[in-house]
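Student: I would like to learn how the labels given to residues in a structure are justified. Could we take them one at a time, setting each value against its cut-off?

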Amino acid sequence: MKLFGLISLFILTSLSSNAQDMLRLEDAIQQGLQNQYSIQILKKREIQAANDNSLGNAGFLPTITGTATKNYTVSGLDQEFFGGLRAPLVQSGVKSNNGNAGVAMAWTLYDGKGMFVLRDRFKELQNLGAKQTETSIENLIAQISTLYYDIIRQDLRVNNFRKGLEISNDRLKLAKDRYEVGQGSKVDYYSAQVDYNEDMALLVAQEQSDLNTKISLNTLLVRPHLTTFQTLAVIDLLPKLNLGELKEMALKQNPALMVALVSKKISDLDTRNLKSQQTPQIDLLAGYAVNNVVNGAGFGVQRGSSDVFNYGLRATINIFDGYNQKRRIQNAKINAEIAQLQIEDTKNQLIAAIERSYTAYENALNLISLETENYTIAKQNIDIAFDRFKIGIATSYELREVQRNAVAAETRLIEARYAAKSAEIELIRLSGNLL
C-alpha cells in the first residue's frame, strides 16, 4: 500500500508542480499550427508554387542571353609567297587576339496557346498546394482536438477512480475499527484492504495513462514533452449535427475532395498543353554582336572591329517524332480519366465515412442519455449502501458491488461523452468546417 501511495504521489506531483497553466483548446491549436514541422514544410512549398506561377515561367517573356569571348594566340610563321611579291616571312612569337561580344533574344509569339495553358497550370498548382496545406491543417486540428478531449476524458477518469478510492478508504477505516473493537471479522478487514489496494492500483495506472496522453499532446504541439498544464474538466458537445447538411457541405468544401478536383483540372491542362505542341511555334529572333581583331602576323588586317545587328522570325513544327507526341496525348487523356475516377472514389469514400461517423455519433448520444440516468441512480445507491453498511445492515460484499457499479457507471458516461465528441470532431472535419 505504501508503494502504491508513493507512486501515486510522484505522478500527482509531476502533474501539478510549477503552478500548471490552463491550456485552452484554441491555444493548443494555435501552438500546433505554428510549431508543427509538417505545416511549416507545406507552407514553404506553397511559396515555391507561388514563385513558379509567373509569366516568365509560362513562356510569355523573351529570353535574352549575352556572350563574350576573348582569344589570344602566339604563333610561329614560315611562309613563302607566289611570284616573289614579297620576301619570305619567318617569324616566331607572333601575338594575335580577337574578341567578340553580343546579345541574342528569342521571344515566342505563338505556340498554339501553350503559354496560356501553362499559366493556368501554374495557377492550379499553386491552388493545389494551398488545398493540400488546408487538408493537413484540418487533419492537425482534428488530431489536436481529439487528443485534447482525450486528456479531459483521462482527467475525468482519474477523478472517478479517486472518488472510488475515497469510498474504499472509508470502508477500510470502518472495517478496521470494527475489527479492533471486536464487532467485525478479520475477513471483512482484509477484504477491505485488498479492495483498497486494487483501487489504488487502478488509480495509479489511470494517472500514468493521463500523463502519457499529455506527453502525446505536447509532442504534437512541438514543445517540451513534460510541460505541465490543465484543461477544463468538461466534454462539451455542440447542438446535434444534421446528417444531410454534413453531406452537402462535404461535397462542396471537403479539402481532400477539393484536392482531387484541382488535380483533375491539372490533368486537363496537361492534355491541352500537349495538343498545343502540335501547332507551329513562331519566335521573334534578334541579336547584336561586336567583333574585334588584332593581328600581329604582318599581313592582312592588322587591327579591326565590326558590329552586327540581326533580326528575324523562326517557325518550327514537329512533323514526325515516331508517334511519341500522339502517345503522350493519349496517356494524358487517360490520366484525366483516372483523375475523374479518383474524384468519384473520393466522394464515395467521403459519404461512407460520414455515414459511419454519424452512426457512431448518434449511438454515443443515446448512450449519454442512458448512462446519465444510470449514473444518477448509482450515486444515490452508493450513499444508501454506505449508510446501511455503517449500521451493519449491508455486507461488505454488497457495498463493494454498489461501489463498483457507481465507478463503472460514471466511467461509461465519460466514455460515451468522449465517443460523441470524437465523432463530432470527425464529422466536422469531413464536412470541411474545422477551419
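Student: Why is Phe309 called exposed?

Tutor: In this predicted model, Phe309 has a relative accessible area of 54%, and since exposed means over 50%, the label follows. Tyr311 is exposed by the same reasoning, because its relative accessible area is 65%.

Student: What makes the pair of Phe309 and Tyr311 tilted?

Tutor: The ring centres of Phe309 and Tyr311 are 5.6 Å apart, with the planes at 40°. Rings pair if their centres lie within 6.5 Å, and planes that are neither under 30 degrees nor over 60 degrees apart count as tilted, so the 40° of this pair gives the name.

Student: How many aromatic pairs does the structure hold, and why is the one between Phe60 and Phe116 called edge-to-face?

Tutor: There are seven aromatic pairs in the structure. In the pair of Phe60 and Phe116, the centres are 4.9 Å apart and the planes stand at 90°; because edge-to-face is the word for planes over 60 degrees apart, this pair is edge-to-face. Elsewhere, Tyr179, Tyr189 and Tyr190 form one aromatic cluster.

Student: How do you know that the pair of Phe60 and Phe116 ties together parts that are apart in sequence?

Tutor: Phe60 lies in the loop between helix H4 (55-58) and strand E2 (63-79), whereas Phe116 belongs to helix H5, so the pair links parts that are 56 residues apart in sequence.

Student: Which of the words buried, partly exposed and exposed fits Phe60, and which fits Phe116?

Tutor: Phe60 has a relative accessible area of 19%, and because buried means under 20%, Phe60 is buried. Phe116, with 37%, is partly exposed, because that word covers the values between 20% and 50%.

Student: Why is Ser168 called buried, and what does Ser168 touch?

Tutor: The relative accessible area of Ser168, a residue of helix H5, is 1%, and that is under 20%, so Ser168 counts as buried. Not counting residues up to four places away in sequence, Ser168 touches Asp195, Tyr196, Asp199, Arg400 and Gln403.

Student: What makes Ser396 and Asn273 buried, given their values?

Tutor: Ser396, in helix H10, has 7% relative accessibility, while Asn273, in helix H8, has a relative accessible area of 16%; both are buried, because both values are under 20%. Leaving aside neighbours within four places in sequence, Ser396 is in contact with Arg171, Asp188 and Phe389, and on the same condition Asn273 touches Gly114, Val117 and Leu118.

Student: How do you know that Arg153 lies over the face of Tyr418?

Tutor: Arg153 is at 4.5 Å from the ring centre of Tyr418, and the rule asks for a distance within 6 Å, together with a position within 35 degrees of the ring normal. In a second case, the charged end of Lys214 sits over the ring of Phe229, 5.5 Å from its centre.

Student: What is noted about the phi of Lys113 and of Tyr323?

Tutor: Lys113 has a positive phi of about 65° although it is not a glycine, and the phi of Tyr323, also not a glycine, is positive at about 65°. Lys113 lies in the loop between strand E3 (89-110) and H5, and Tyr323 in the loop between strand E6 (303-316) and helix H9 (324-390). Lys113 counts as exposed because its 58% is over 50%, and Tyr323 is exposed because its 59% is over 50%.

Student: How are helix H7 and helix H8 placed against each other, and which residues meet?

Tutor: The axes of H7 (residues 243-253) and H8 (residues 255-276) come within 6 Å and cross at roughly 35°. Ala250, Leu251, Lys252 and Gln253 in H7 meet Pro255, Leu257 and Met258 in H8, and the residues of this contact divide into five nonpolar, one polar and one charged.

Student: Which residues touch the most other members of the largest nonpolar core, and which helix supplies its largest share?

Tutor: Of the 24 residues in that core, Leu23, Ile144, Tyr149 and Leu217 touch the most other members. Its largest share, eleven residues, comes from H5.

Technical notes: Residues are numbered from 1 along each chain as its sequence is written. This is a predicted model: local features need pLDDT of at least 70, side-chain atom pairs count only at pLDDT 80 or more; totals for chains, interfaces and linings use all residues. Side-chain values use heavy atoms; hydrogens and water are left out. A nonpolar core is a set of buried Ala, Val, Leu, Ile, Met, Phe, Trp, Tyr and Cys residues joined through side-chain atoms within 4.5 Å. Buried means under 20% relative accessible area, exposed over 50%, partly exposed in between (1.4 Å probe, protein chains only). Helices (H or I, at least four residues) and strands (E, at least two) are DSSP runs, numbered from the N terminus. Contact means heavy atoms within 4.5 Å. Axes are lines fitted to C-alpha atoms, for helices over the stretch in contact, and angles run from 0 to 180 degrees between N-to-C directions. Ala, Val, Leu, Ile, Met, Phe, Trp, Tyr, Cys and Pro count as nonpolar, Asp, Glu, Lys and Arg as charged, and the others, Gly among them, as polar. Rings of Phe, Tyr and Trp (its six-membered ring) pair if their centres lie within 6.5 Å; planes under 30 degrees apart count as stacked, over 60 as edge-to-face and the rest as tilted.
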